[in-house]
Amino acid sequence: MNRPLLLRGCTLPDGRTGCDVLALDGRIAAIDPALHAPDGAEVIDAGGWLLSPPFVDAHFHMDAVLSHGLPRVNRSGTLLEGIALWGELKPDLTAEAIAERALAYCDWAAARGLLAIRSHVDVCDDRLLAVQALLDVKRRVAPWLQLQLVAFPQDGLLRSPNARANLERALDLGVDVVGGIPHFERTMAEGTESVRLLCELAAARGLPVDLHCDESDDPMSRHIETLAFQAQRLGLQGRATGSHVTSMHSMDNYYVSKLIPLIAESGVSIVANPLINITLQGRHDTYPRRRGMTRVPELMAAGVTVGFGHDCVMDPWYALGSADMLEVASMGLHVAQMTSQDGMRACFDAVTQHNARILGLDGYGLAPGCRADFVLLQARSPAEAIRLRAARLLVVHGGRVIARSAPAECELLLSGRPSRVDFTRQHAG
Ligand SMILES: [Zn+2]
């Protein structure tokens, strides 16, 4: 059992300041000013910095992570060259190499306070190498990071010969969520059929369903409508997710005025992937060039749970990224023009609370009784954390400190006037 942990003087995301947070037996025991330190407690001065529940990533591809440059780099940076590259890489993959890269990424994640990840895993390889490797990684990282796996038929459930059987095999092996990619099937009708089959499979097995849905600039793509319909018909409210849904960016406004209430009514959650959507969508446009991200503020205003995912880090589709969900929130904020005070806060929630709801995480949050998982950020507010991609001063899992970073600071050595640079200083009035 861990020593009790007492953090003194935290600022909380809701604006409360001077809060002490006590962790006992892996749970938050109390949040109040001036708490008494139990015998033997480790007491840490939080210095007034922001304490947040950990970051959560609702959409990732861990089977491809850190494979950038294998077997060659994506010269054009486009989605299509990325898919071709992944096809070239797949035959050479080994379970050991997949696991090694995934474990390295999980270390990056823990260091960044990212303690829960939903990752899709391609099931179109008959060997299911990536499935077995990531199930092993999931077990190995479980003491500090919750990895949720989605059985993802990358080449299409109906389009790829063994995808359906492989997907069922992956679920039998213990993969947690049913995945799909209806817009990649041969026709709109087959896409619609795949959504029905996948939702029925999820309902029959009592599992969540999370589909790559309408990841295109096609304003006529309608799979999110089908997903909302099937989720409602089969009672999947609260455990069905449409990921990407970039086509909504390009849809006719009149149609969207019907679609958004339909999504809200169905209880389907939406995950946007701002870093990837802004780089991969709109590639067939000249100017004006579409941004391609789904309609985040409008969906949120209608009461839909909207999360942000990282999607890719250093893989065939995206050469950048570093497990920093604040970078994801920042890109989402900019692309969706969510610069109001409430908008910036909502972008922070999209990489914390909203993603936790989408993953169905138990005991997530900053309240007595919640799991003692949190991250101390070198910022005074959620908006400042996004602005600074704030340093993770402490990452705590189950009441135990699992990572520390030094505060970001710089001593400027300009001639005659040495000074410290403080990017958190407020210049008011
Ligand atoms: Zn994806």
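These are my notebook entries on what I looked up in this structure, which is a predicted model.

**Entry 1: the sheet**

I started with the strands. I found an open sheet of eight, ordered β6-β7-β8-β9-β10-β11-β12-β13, and the pairing is parallel. At the edges sit β6 (55–61) and β13 (306–308), each with a partner on one side only. I also looked up the twist, which averages 25 degrees from one strand to the next.

Then I picked one pair for a closer look. Strand β10 (residues 209–213) and strand β11 (residues 240–244) run parallel and are joined by five bridges. I noted one partner in particular: C213 is bridged to H244 in β11.

What lies across β6 and β7? Helix α2 (residues 95–111) does, and I wrote down its direction as about 150 degrees to β7 (114–122).

**Entry 2: the zinc site**

Next I went to the metal. Which protein atoms are the donors of the zinc ion? I got NE2 of H59, NE2 of H61, NE2 of H212 and OD of D311, at 2.1 to 2.7 Å from the ion. Along the sequence, the donor residues follow the spacing H-x1-H-x150-H-x98-D.

I checked the geometry too. The angles subtended by the four donor atoms go from 84 to 180 degrees, so the arrangement is irregular. For a tetrahedral label all angles would have to lie between 85 and 135 degrees, so a span of 84 to 180 degrees does not qualify. I also asked whether H59 and H61 are buried or exposed. Both H59 and H61 are buried.

**Entry 3: salt bridges**

I counted salt bridges next, and the structure holds 23. I went through a few of them.

E42 and R404 meet through their side chains at 4.0 Å, N to O. E42 belongs to strand β4 (residues 42–45) and R404 to strand β16 (residues 400–404), so this pair ties together parts 362 residues apart in sequence. E42 is partly exposed at 26% relative accessible area, while R404 is exposed at 57%.

E81 and R72 form another salt bridge, with N to O at 2.9 Å. I have E81 down as buried, at 18% relative accessibility. The cut-off for buried is under 20%. R72 comes out partly exposed at 32%.

R387 and E384 were my next stop, and their closest N and O atoms are 3.4 Å apart. Both sit in helix α14 (residues 382–388), three residues apart, so about one helical turn separates them. R387 is partly exposed with a relative accessible area of 49%, whereas E384 is buried with 5%.

I also found a network of salt bridges, which links E193, R196, E200 and R233.

**Entry 4: around V256**

I looked up V256, which lies in helix α8 (residues 253–266). V256 is buried, with 4% relative accessible area. Which residues does V256 touch, leaving out those up to four places away in sequence? I listed M248, M251, P261 and R295. I also took a C-alpha distance: V256 to E298 is 9.9 Å, and the two are 42 residues apart along the chain.

**Entry 5: backbone oddities**

I went looking for cis peptides. One joins L70 and P71, with omega at about -15 degrees, and P71 is in the loop between β6 and α1 (79–89). Another runs from Y287 to P288, with omega near 0 degrees. I placed P288 in the loop between α9 (274–280) and α10 (296–301).

Positive phi came last. L128 is not a glycine, yet its phi is positive at about 50 degrees. L128 is in the loop between β7 and α3 (129–141) and is buried, with a relative accessible area of 1%. A323 is also not a glycine and has a positive phi, about 65 degrees. I found A323 in the loop between β13 and α11 (325–335), and A323 counts as buried at 0% relative accessibility.

Note on methods:
Residues numbered from 1 in each chain as written. Predicted model: local features only at pLDDT ≥ 70, side-chain atom pairs only at ≥ 80, totals over all residues. Heavy atoms only, no water. Pairing = 2+ DSSP bridges. Helix = DSSP H or I, 4+ residues; strand = E, 2+ residues; numbered from the N terminus. Axes fitted to C-alpha atoms, helices over the stretch in contact; angles between N-to-C directions. Contact = heavy atoms within 4.5 Å. Donors = N, O, S within 2.8 Å, 3.2 Å for Na, K, Ca; no water. Tetrahedral: all angles 85-135°; square planar, octahedral: opposite > 155°, others 65-115°. Buried < 20%, exposed > 50% of the residue type's maximum accessible area, 1.4 Å probe, protein only.
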